[in-house]
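Trainee: I have just opened this entry and would like to be led through it step by step. Could we begin with the whole chain and then turn to single residues?

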Amino acid sequence: MANKVYTDQLPGRTLVVDGEEFLFFSGTSYLGIPVNEAFRQCVLEGMARYGTNYSSSRNSNLQLRVFQEVEEYLARYTGAEAAFTMSSGYLAGQALVQTLQGSGHFIYAPNTHPALWRSTADEATGDYDAWVGPMLQQVKNAEEEHIILVCNSLDPLKARNHGFSWLSALPKDKQITLIVDDSHGFGVTGEDGNGVFAQLKARLQPNLRLVVASSMGKALGIPAGVVLGDKELVDRLRHSHYFGGASPAIPAYLYAFLQCEAVFKEAREKLFANIAYFLQHLERPGQFSYFERYPVFGVREHRLAAYLQEQGVIISSFRYPTPSDDPITRIILSSAHTEEDIRRLTGLVNQFAQV
C-alpha cells in the first residue's frame with residue numbers, strides 16, 4: 001500500500017506533492033470536470049448571473065427558475081417521472097430514507113452508502129452476491145406488506161457491476177420499493193451517461209417501485225444530489241422539512257450543468273477511449289477486476305501502489321472501511337488523462353508484472 005500524500009492543489013491528471021509532480025490515477029472525478037476549462041467558464045457565467053451561493057429555502061416566496069429547469073431536465077434525461085435536487089447526494093439520500101421511515105420494512109445490501117442509512121444500525125457488510133439469495137427468502141417470508149430494498153448500483157471499490165438479475169425472482173404479492181444509489185455510475189453508465197434508472201425501469205414488475213438516489217459530484221462535478229422516481233414520491237419529498245429547511249444546490253453550478261451537455265458528452269467519449277487505450281496496452285489485463293466501459297480497475301497485488309508511487313504515479317490505495325481492514329487498491333482513469341499518461345502507466349504496470 002502506498003504512503004499518504006498531502007497537497008494544497010486540486011488534482012487533475014497530475015498532482016504536485018512537495019514540489020514534485022506525479023501522475024494521478026485516483027479520485028472520483030471520472031469525467032475530469034473540475035479541471036475542464038469549458039465547464040469552468042460555464043460556472044463563471046452562472047456565478048455572474050446567480051452569485052456564488054443562494055442559501056434561501058426552496059419554499060421561499062422568491063423562486064429561481066433554474067431549480068425547476070434542472071429537475072425537469074434530469075427527469076427527461078433519465079426517463080424518470082420526476083426529479084428532486086438538493087445540495088449534496090448525502091442530503092438527498094437522507095431526505096429520501098427519513099421520509100420513507102416507518103412506511104415499510106427496510107432491508108440493506110452489503111456496503112450500501114451511509115447516505116441511505118436511517119442510522120448506523122443499518123450498516124451491512126459482506127458480499128453482495130452472497131446477500132441476494134437470503135434477501136429473496138427474507139422478502140418472501142416477511143410479514144410486512146411493504147418491503148424497502150436499499151443497495152448500490154455498482155461497487156466502485158471492487159470494480160464490480162452488480163446487475164439486477166434477481167429482480168424477476170422477487171415475490172409479486174408484496175409492495176416493494178427498490179432504492180438504488182447510483183452515485184458512482186451516474187454520468188458514466190447508461191445511455192449518454194444517464195445511469196441505471198432507465199435500465200431498471202424497463203425490468204420492473206407492477207408491484208415494484210423504483211427510486212434512484214445519486215450524488216452529482218462524482219462524474220458530473222456538480223455539488224448537488226438528486227432523487228429520481230415517481231411524481232407522488234417526489235411531491236412527498238418536496239413537502240418534507242429537508243426540502244424547506246436545507247439550502248438548495250448552488251444555482252451557478254446547476255446553470256453550468258444545463259449549459260454543458262456537449263461538454264459531458266465529449267468527456268464521456270474521451271473517457272471510453274482512455275479505457276480502451278489502457279486495456280490495449282496492458283500485457284495482462286486479467287490481473288485487474290473491471291467491467292466494460294467503467295474507469296475503475298481493481299488491483300489484486302497491493303504492492304503495485306507503492307511501486308508506482310516510487311515511479312511518480314499515484315493510484316488509489318487505502319484500508320477500508322476501517323484502518324484494520326485489508327487495503328483496497330485501484331487504478332482510476334479519467335477523461336483528463338492523455339494517451340501519453342496512459343502509456344507511461346501501462347509501461348510501469350507491465351514492468352511490475354515481470355518483477
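Mentor: Let us start with one residue and then step back: in this predicted model, Asn 350 lies in helix H11, which covers residues 339–354. At 9% relative accessibility, under the 20% cut-off, Asn 350 counts as buried.

Trainee: Which residues is Asn 350 in contact with, leaving aside its neighbours within four places in sequence?

Mentor: Asn 350 belongs to helix H11, and the neighbours within four places in sequence are set aside here. What remains as contacts of Asn 350 is a run of residues, namely His 281, Leu 282, Glu 283 and Arg 284.

Trainee: Stepping back to the protein chain, how many helices and strands does the secondary structure come to?

Mentor: The chain has 355 residues, of which 54% count as buried. Its secondary structure is made up of both kinds of element, and the count comes to 11 helices and 14 strands.

Trainee: What radius of gyration does the protein chain have, and how does that agree with a compact globule?

Mentor: The C-alpha atoms fill a box of roughly 60 × 55 × 35 Å along the principal axes. For 355 residues, a compact globule would have a radius of gyration near 20 Å, so the value for this chain agrees with that expectation, being 21 Å.

Trainee: Among contacts between residues at least 6 apart in sequence, what percentage join residues at least 24 apart?

Mentor: Contacts are counted here between residues at least 6 apart in sequence, and within that set one asks which join residues at least 24 apart. For this protein chain, the share is 71%.

Trainee: Into which domains is the chain divided, and how many Å separate their centres?

Mentor: Domain 1 takes in two stretches, 14–36 and 261–354, while domain 2 takes in 54–249. The contact between them takes 23 residues from domain 1 and 19 residues from domain 2. Taken over C-alpha atoms, the centres of domain 1 and domain 2 are separated by 28 Å.

Trainee: Is Gly 46 buried or exposed, and which residue 210 places along the chain is paired with it by a C-alpha separation of 6.2 Å?

Mentor: Gly 46 lies in helix H1, residues 37–50, and it is buried, because its relative accessible area is 0%. Leaving aside neighbours within four places in sequence, Gly 46 is in contact with Gly 51, Ala 252 and Tyr 255. The residue 210 places along the chain, with its C-alpha atom 6.2 Å from that of Gly 46, is Ala 256.

Trainee: Where is Asp 192 placed, and is this residue buried, partly exposed or exposed?

Mentor: Asp 192 sits in the loop between strand E8 (175–181) and helix H5 (197–201). Its phi is near 55 degrees, a positive value in a residue other than glycine. With a relative accessible area of 44%, which falls between the 20% and 50% cut-offs, Asp 192 is partly exposed.

Trainee: Which residues does Arg 293 touch, not counting those up to four places away in sequence?

Mentor: Arg 293 lies in the loop between strand E11 (288–289) and strand E12 (296–299), and its phi, near 55 degrees, is a positive value in a residue other than glycine. Its C-alpha atom is separated by 26 Å from that of Pro 114, 179 residues apart along the chain. The residues that Arg 293 touches are Val 188, Phe 272 and Ile 275.

Trainee: Why does Phe 288 count as buried?

Mentor: Phe 288 is found in strand E11, and its contacts beyond four places in sequence include Phe 278, Leu 282, Phe 297, Ile 331 and Val 349. The C-alpha atoms of Phe 288 and Arg 300, 12 residues apart along the chain, are separated by 6.6 Å. Phe 288 counts as buried because its relative accessibility, which has to be under 20%, is 4%.

Trainee: Last, is Leu 10 buried or exposed, and which residues does it touch?

Mentor: Leu 10 lies in the segment before strand E1 (14–17), and it is exposed, with a relative accessible area of 55%. The C-alpha atoms of Leu 10 and Val 35 are separated by 8.5 Å, although the two are 25 residues apart along the chain. Not counting residues up to four places away in sequence, Leu 10 touches Pro 34, Val 35 and Arg 40.

Conventions:
Residues numbered from 1 in each chain as written. Predicted model: local features only at pLDDT ≥ 70, side-chain atom pairs only at ≥ 80, totals over all residues. Heavy atoms only, no water. Helix = DSSP H or I, 4+ residues; strand = E, 2+ residues; numbered from the N terminus. Rg over C-alpha atoms; globule rule 2.2 N^0.38 Å. Buried < 20%, exposed > 50% of the residue type's maximum accessible area, 1.4 Å probe, protein only. Contact = heavy atoms within 4.5 Å. Domains from an automatic or database assignment.
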